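The following note sets out numbered comments on the model for a colleague's consideration. Each point takes up one element or group of residues.

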Amino acid sequence: MQEISVRRRIFYGWWLLVGLFLIYAASNGILLNTMPRIFPNLATDFGWTNEQVTRPANMFFALVAFLNPVAGWLLDRYSIRRLMLIGSVGITLALALFPMVEELWHLMATYVLFAFSISLAGLTPSLMLLSRWFVRYRGLAFGILMMASSLGGAVFPWVVNSFLPDWQLAVWVLASLGGAMMILPTLFLVSNYPRDKGLAADGVADPEPQAKPKPDRFDKVLLSLLRSPVFYLLAFATGTLWFCIVAMLNNQALFFRRELLLDDNSTTAIYSSFFIAAIIGKVLFGYLADKFNKLKVMMASVLNLAIGVALLFLAAPGDATWPLAYAIVYGAGYAGAFTMIQLMIAEYYAGRNYGVYLGIFLLIDSLAGSLGGTFLAWSADEFSSFTAGFAVMMALCAVAVACVYVLIRRQSA
């Protein structure tokens, strides 16, 4: 009887979070945080420049930008669980096809499939589900979920490293592991609504209404955003952050290997340390967001990004000390900024139109990320160094701080 009582005290939302954690660790943990680790190997094997080898990944973010509002519209109206299953199968298929790449357009075609699939099985549906299931512990739940992609980024690069220079075999292993981690939890742990389990959301005393609130028309939602000064400040702040985040995600392995001339083991150690720091940062900033003013916590994460980039100016070829310091500081800042972006959007816009709101912000952020990844790679090719791009990123962090400061002033007015 005691065992049955303990089981009943476990809110099913936490089991849902376990499933979403595994899915997100595999989807974003592999596509965004691990695949760039093999970019130096692709560049060497095919003779591609920094801009060429990162072009498909940067195109991916641009394509996802336009797919996110459509995905948000679909996710507001249809079964999230079913759409996530379609996306998970698509990601697995794209990973299985990746090792067959022989031309740059092959790689770009693979990333097109990645983009369509992750728009249905990536961050957006997971955040929507957690917003339905959690109220009191929403910040903690968001922080734990965000930790998943970083855990994937910490673990999967070592899987890749163990097979290098045979990157084809490494990706096939990722396809097998990732497919199991995405498809099985979607089938057995994901549930669309607390009411599907006869429950209410965490922190809500009364059960949810049986009738699902009807979302507003897209044009009405968009018009309400365009009339709000908060939208422009928040969109500009999150866009500049995504510029810096994607710039480093897609280019840091190239910087370590091609400019600092570090070997595979050192590069993977720094790369993994970056995401270990991100794991801590996501949980920490998610916790702090539940205890303190979210905008002030967001500002602290942006300052971490700026300091992390500054450390790279001290790095010298063959020396892994400063890159490791960067990985710890920037990794925590990246995690905090990433987590706080999602929490601030939910703070302002959670509700019946949340899928559309989130899709619009992700459109802006993904476009900014695509621009950031492209710019940093281009500047490295143009100036034979990444330092000019790093300077621009520091300036953008300052702009993001200014936007957050204005939001704080508006909040306290």
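1. In this predicted model, helix α4 (residues 50-77) packs against α11 at an angle of about 155°, and their axes lie 11 Å apart. The two helices are therefore roughly antiparallel to each other, since angles over 145 degrees fall in that class. The crossing in which α4 passes α11 is right-handed. By class, the contact of α4 with α11 comprises six nonpolar, five polar and one charged residues. On the α4 side the residues are Asn50, Val53, Thr54, Ala57, Asn58 and Phe61, and these meet Trp242, Val246, Asn250, Asn251, Leu254 and Arg258 in α11.

2. Asparagine 58 deserves separate mention within helix α4. Its relative accessibility is 2%, so asparagine 58 counts as buried. Apart from residues up to four places away in sequence, asparagine 58 touches Val246 and Asn250, together with Ser370, Gly373 and Thr374. Val246 and Asn250 also belong to the α11 side of the contact with α4.

3. A second helix pair is formed by α2 (residues 12-31) and α6 (residues 104-121), which pack at an angle of about 150° with their axes 11 Å apart. α2 and α6 are therefore roughly antiparallel to each other. The passage of α2 across α6 is a left-handed crossing. Ile23, Ser27, Asn28 and Leu31 of α2 make this contact with Tyr111, Phe114, Ile118 and Ala121 of α6. By class, the contact of α2 with α6 holds six nonpolar, two polar and no charged residues.

4. Which residues touch the most other members of the largest nonpolar core? They are Phe98, Tyr330, Tyr334 and Met393, in a core of 142 residues. Helix α11 (residues 229-259) gives the most to this core, contributing 19 residues.

5. The surroundings of phenylalanine 98 can be listed in full. With residues up to four places away in sequence not counted, phenylalanine 98 touches Met35, Ile38, Leu42, Leu107, Thr110, Tyr111, Phe114, Trp167 and Val171. Among them, Tyr111 and Phe114 are also on the α6 side of the contact with α2.

6. Leucine 249 is placed in helix α11. Leucine 249 has a relative accessible area of 3% and is therefore buried. Leaving aside neighbours within four places in sequence, leucine 249 is in contact with Leu32, Asn33, Pro36, Tyr271, Phe274, Phe275 and Tyr334. One of these, Tyr334, is also among the residues that touch the most other members of the largest nonpolar core. Between leucine 249 and leucine 260 there are 17 Å in space, C-alpha to C-alpha, for a separation of 11 residues in sequence.

7. Is threonine 92 buried or exposed? The relative accessible area of threonine 92 is 18%, so this residue is buried; the cut-off for that class is under 20%. Threonine 92 lies in helix α5 (residues 80-97). Not counting residues up to four places away in sequence, threonine 92 touches Ala175, Gly179, Met182 and Ile183.

8. Tyrosine 357 belongs to helix α15 (residues 354-383). With 13% relative accessibility, tyrosine 357 counts as buried. Tyrosine 357 and phenylalanine 256 are 37 Å apart in space, C-alpha to C-alpha, and 101 residues apart in sequence.

9. The backbone geometry calls for comment at proline 165, in the loop between α8 (138-161) and α9 (167-188). The peptide bond leading from leucine 164 to proline 165 is cis, and its omega is near 10°.

10. Two loop residues have positive phi although they are not glycines: leucine 261, at about 60°, and serine 384, at about 55°. Leucine 261 sits in the loop between α11 and α12 (264-291). Its relative accessibility is 59%, so leucine 261 counts as exposed. Serine 384 is found in the loop between α15 and α16 (387-412). At 66% relative accessibility, serine 384 likewise counts as exposed.

How values were computed. Residues are numbered from 1 along each chain as its sequence is written. This is a predicted model: local features need pLDDT of at least 70, side-chain atom pairs count only at pLDDT 80 or more; totals for chains, interfaces and linings use all residues. Side-chain values use heavy atoms; hydrogens and water are left out. A nonpolar core is a set of buried Ala, Val, Leu, Ile, Met, Phe, Trp, Tyr and Cys residues joined through side-chain atoms within 4.5 Å. Buried means under 20% relative accessible area, exposed over 50%, partly exposed in between (1.4 Å probe, protein chains only). Helices (H or I, at least four residues) and strands (E, at least two) are DSSP runs, numbered from the N terminus. Contact means heavy atoms within 4.5 Å. Axes are lines fitted to C-alpha atoms, for helices over the stretch in contact, and angles run from 0 to 180 degrees between N-to-C directions. Angles under 35 degrees count as roughly parallel, over 145 as roughly antiparallel, 65 to 115 as roughly perpendicular and the rest as oblique. A crossing is left-handed if the near helix is turned anticlockwise from the far one by less than a right angle, and right-handed if clockwise. Ala, Val, Leu, Ile, Met, Phe, Trp, Tyr, Cys and Pro count as nonpolar, Asp, Glu, Lys and Arg as charged, and the others, Gly among them, as polar.
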